[in-house]
Every structure is written in structure tokens, then in C-alpha cells.
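This report looks at how charged side chains pair and how nonpolar side chains group in one protein model. Please view the sequence and the structure first.

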Amino acid sequence: MRIVLASGNKGKIAEFEKLMPNDEVIAFSEILGEIEIDEDQDSFKGNAIKKARTIYDLLIEKNLKDVIVISDDSGITVPALNNEPGIYSARYAGLNANDKANNAKLIENLNKINLEKTPAFYTACIAIIYNNEVYTVHGWMHGEVINKEIGEGGFGYDPMFIPTGFKKTLGELGYEAKKEFSHRTKALNLAKKVLDVIL
């Protein structure tokens, strides 16, 4: 199956490739070049659909038939910080912020209210567009966020997140452990079920 991923995030692309080893996963930029999609919706679902729809419509304009577009919008939510960063996870420290800057801002905000650790959860929404029909699924991963980075693995907020049932951060646990229970794995497993039905 050839799947066009509506993401330019190298970490996400690598994760999708590992999670879907039997499918050809390509980034939209390989076909369409670089495109900025304004993530201006008020939910992970809204942003995921907007990204998938934008890329799908552009591929159809290029007369690419039988195309499947998958997009994902995901992030971490910390209830003690008024549900920040939420949908702004990738740009928490500003537009084009990198992981280090975003993590530093989250650490700063936790320290402001003297929290060494507090409950948090990751959300992933995957949107699929095929034959002009839109499907969405969600996955969640619960745990705690801490006010420091531990471990070099993963990406994003992984070095600050300890999943429920573990004593180490995702940055320490590494990809093989994370893929068993991550929010994206859960959402992707549901997405595969959708694809099995619609294809």
C-alpha cells in the first residue's frame, strides 16, 4: 500500500515507517515539494483533518488516482498548566521552535508552580482520506511529566515523560518499548483497522 504522509516532521515520518514496515510510506514533500500548512484549528482532530485535506486536494489536482493520505496531529497535555501545551506542542516556545526550546519552556512553566512532576498525557489523532472520504481515530498515552530531561531517545517531550507503569522516561526507554504502547501506535492500530475496511 502506498501512503502519502501529510507531515514534514522527520521524527513522525520515521515512526510511521517503522510502524508500517509492509507499506510504502512517503512524505508529501517528495511529490509536492515543501508546503506550509497553517495548523489553525482548535483541536488535534481539526488540525489532522486540515493537513490531510490540504495534501489530498493537491494530489488530486496532479491527477494522482487511488491515493491514500494519512496525517497525524499530536501533542502533550499537562492539566496543571491549564492543559498546555496541547495543540501548540510543536510550537510551544514559538514558531519553528525545536524540541530543546519547547522542553525548556515546559520545564520553566513547571518550575514556576514548583512542580517536579505532574500527571500528563499524549494525544494522537490520525486522519485518513481515501476516495474523498475522511476518517479519524485517536490514541492516548498517560503518565507524568517531569521538570527535567532524562535520556537521549525519542523526540519532542519524550525525555520529560514517564508513562504509567514505568519508572523511566520515554527518552530512556527507547523506541522499541515506546512503540508497544504509545499514543501514535494506538491510533495507528485503529487506523489500520479503518484501512482494512475501506480498501
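## Salt bridges and cores

Helix α3, which spans residues 44–61, contains both D57 and R53; the two are four residues apart, or about one turn of the helix. The model is a predicted one. D57 and R53 form a salt bridge, and their closest N and O atoms are 3.1 Å apart. D57 is partly exposed, with a relative accessible area of 33%, and R53 is partly exposed as well, at 25%.

Side chains of opposite charge can pair when their charged atoms come close. The structure holds eleven salt bridges. Another of these joins D72 and R184, with 3.0 Å between the closest N and O atoms. D72 lies in strand β3 and R184 in helix α7, so this salt bridge ties together parts that are 112 residues apart in sequence. Are these two residues buried or exposed? D72 has a relative accessibility of 1%, and buried means under 20%, so D72 counts as buried. R184 is buried too, with a relative accessible area of 2%.

K100 and E149 also meet through their side chains in a salt bridge, at 3.1 Å from N to O. This pair links distant parts of the chain, 49 residues apart: K100 is in helix α4 (residues 99–112), while E149 is in the loop between β6 (133–146) and β7 (161–163). K100 counts as exposed, whereas E149 counts as partly exposed. In addition, salt bridges that share partners join E39, K51, D73 and R91 into one network.

The table lists the relative accessibility of the paired residues.

| Residue | Relative accessibility | Class |
|---|---|---|
| D57 | 33% | partly exposed |
| R53 | 25% | partly exposed |
| D72 | 1% | buried |
| R184 | 2% | buried |
| K100 | 57% | exposed |
| E149 | 33% | partly exposed |

The nonpolar residues come next. In soluble globular proteins, nonpolar side chains tend to be buried together. The largest nonpolar core here has 21 residues, and those that touch the most other members are F16, M20, I68, I70, I126, I128 and L188. At least two core residues come from each of β1 (2–5), α1 (10–19), β2 (24–27), β3 (68–78), β5 (117–130) and α7 (183–198). Helix α7 gives the largest share, five residues.

What does M20 touch, leaving out residues up to four places away in sequence? M20 is in contact with I3, V25, L188, K192 and L195. Apart from this core lies another, of 18 residues, including F28, F44, A48 and V69.

Technical notes. Residues numbered from 1 in each chain as written. Predicted model: local features only at pLDDT ≥ 70, side-chain atom pairs only at ≥ 80, totals over all residues. Heavy atoms only, no water. Core = buried A, V, L, I, M, F, W, Y, C linked by side-chain atoms within 4.5 Å. Buried < 20%, exposed > 50% of the residue type's maximum accessible area, 1.4 Å probe, protein only. Contact = heavy atoms within 4.5 Å. Salt bridge = Lys/Arg side-chain N within 4 Å of Asp/Glu carboxyl O.
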